[in-house]
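Colleague: I'd love a close look at one single part of this protein, rather than a quick tour of everything. Could you pick a spot, walk me through it slowly, and then show me how it sits in the rest?

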Amino acid sequence: MENIKKIGKIAKIAIIAIAVISLAVIVLLLYAWIGVLRPYYDVPKANKAVVEYDPASGLVSQATYDALQNSKKSQKFELGVNEDGQVVFTHAYKAFGRAKKEYKDSWKYADKKLKLKHLSRTYYIAYMDDDILNQVVEATNGSAGDAKIYKEILEIYSHSYNVHR
């Protein structure tokens, strides 16, 4: 009988410990999202497009503008201008995903051969380096146009956020 009571007490203590640890993990995850990661994913209000982009302004190269307009899903690449006069994507999340699909050769080489981290919505600044761009152009048989366009797409994307990695 005493053994059963001891086992019962141990079980209660174990359940309480698991509950406390679970609660601590949940609080840590919430803090990590709200306090640390959220600025990387949310477009600040000041960086959102306030007017539609005018191609005559020349803020984006003609080659990049044409490539964005001729894309299968060009609505994902809608351009606008933010309060600071920088070109931004109206839907930055959609634009990043679509560009990643369409310009796969430009970033895959950098991932594998140049041993960069993975390209993601929060880690992309390293892919904009001119030295990396030149190596990608050499490795992808001179597809300089695609690599340069992709670099400019990443630059436009970077205008949407205040925090970069």
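**A close look at one salt bridge**

Modeller: Happy to! Let's start with K151, which forms a salt bridge with E155; their closest N and O atoms are 4.0 Å apart. Please keep in mind that this is a predicted model, so every distance here is computed from it. The cut-off for a salt bridge is a nitrogen-to-oxygen distance within 4 Å.

Where do the partners sit? K151 lies in helix 6, which spans residues 144–158. K151 and E155 are four residues apart in that helix, and therefore about one helical turn separates them. The general rule behind this is that an α-helix has 3.6 residues a turn, so residues three or four places apart point the same way.

Now to the surroundings of each partner. K151 has a relative accessible area of 14%, and it counts as buried because the limit for that is under 20%. E155, by contrast, is partly exposed, at 30%. So the bridge joins a buried lysine to a partly exposed glutamate. What else does K151 touch, once its neighbours within four places in sequence are left aside? Its contacts are then M128, D130 and L133.

Helix 6 has another stretch worth your time. The side chain of E152, right after K151 in the numbering, makes a polar contact with the side chain of T64, at 2.6 Å. T64 belongs to helix 2, and at 1% relative accessibility it is buried. Not counting residues up to four places away in sequence, T64 touches I149 and I153 as well as E152.

T64 has buried company in its own helix. Helix 2 covers residues 62–69, and its buried residues are T64, Y65, A67 and L68. These four cover an arc of only 165° around the axis, which means that they lie on the same side of helix 2.

For a second example of a salt bridge, turn to helix 3. The structure holds two salt bridges, and in this one E102 pairs with R98, with the closest N and O atoms 2.9 Å apart. E102 and R98 are also four residues apart, here in helix 3 (residues 92–102), so about one helical turn lies between them. R98 counts as buried at 14% relative accessibility, while E102 is partly exposed at 28%.

Let's step back to the whole protein. There are six helices and three strands, and from the N terminus on they run α-β-α-β-β-α-α-α-α. Of the 165 residues, 32% count as buried. Among contacts between residues at least 6 apart in sequence, 65% join residues at least 24 apart.

Finally, a look at the outside. The protein exposes about 10700 Å², with carbon and sulfur atoms supplying 58% of that area. One nonpolar surface patch, of about 400 Å², is made by I26, L30, W33 and I34. W33 is placed in helix 1, residues 2–41, and counts as partly exposed at 38% relative accessibility.

To come back to your close look: when you turn the model, begin at K151 and E155 in helix 6, then move to E152 and follow its side-chain contact to T64, and from T64 look along the buried residues of helix 2.

Terms used: This is a predicted model: local features need pLDDT of at least 70, side-chain atom pairs count only at pLDDT 80 or more; totals for chains, interfaces and linings use all residues. Side-chain values use heavy atoms; hydrogens and water are left out. Buried means under 20% relative accessible area, exposed over 50%, partly exposed in between (1.4 Å probe, protein chains only). Helices (H or I, at least four residues) and strands (E, at least two) are DSSP runs, numbered from the N terminus. The arc is that of the directions from the helix axis to the C-beta atoms. Contact means heavy atoms within 4.5 Å. Patches are made of residues with over 30% relative accessible area and no salt bridge: like charges are joined within 9 Å, nonpolar side chains (Val, Leu, Ile, Met, Phe, Trp, Tyr) within 5 Å. Accessible areas come from the Shrake-Rupley method with a 1.4 Å probe; for residues, only the protein chains shown count as cover. A salt bridge is a side-chain nitrogen of Lys or Arg within 4 Å of a carboxyl oxygen of Asp or Glu. A polar contact is a pair of N or O atoms within 3.5 Å; within protein, one must be able to donate a hydrogen and the other to accept it, and residues adjacent in sequence count only if both atoms are side-chain atoms.
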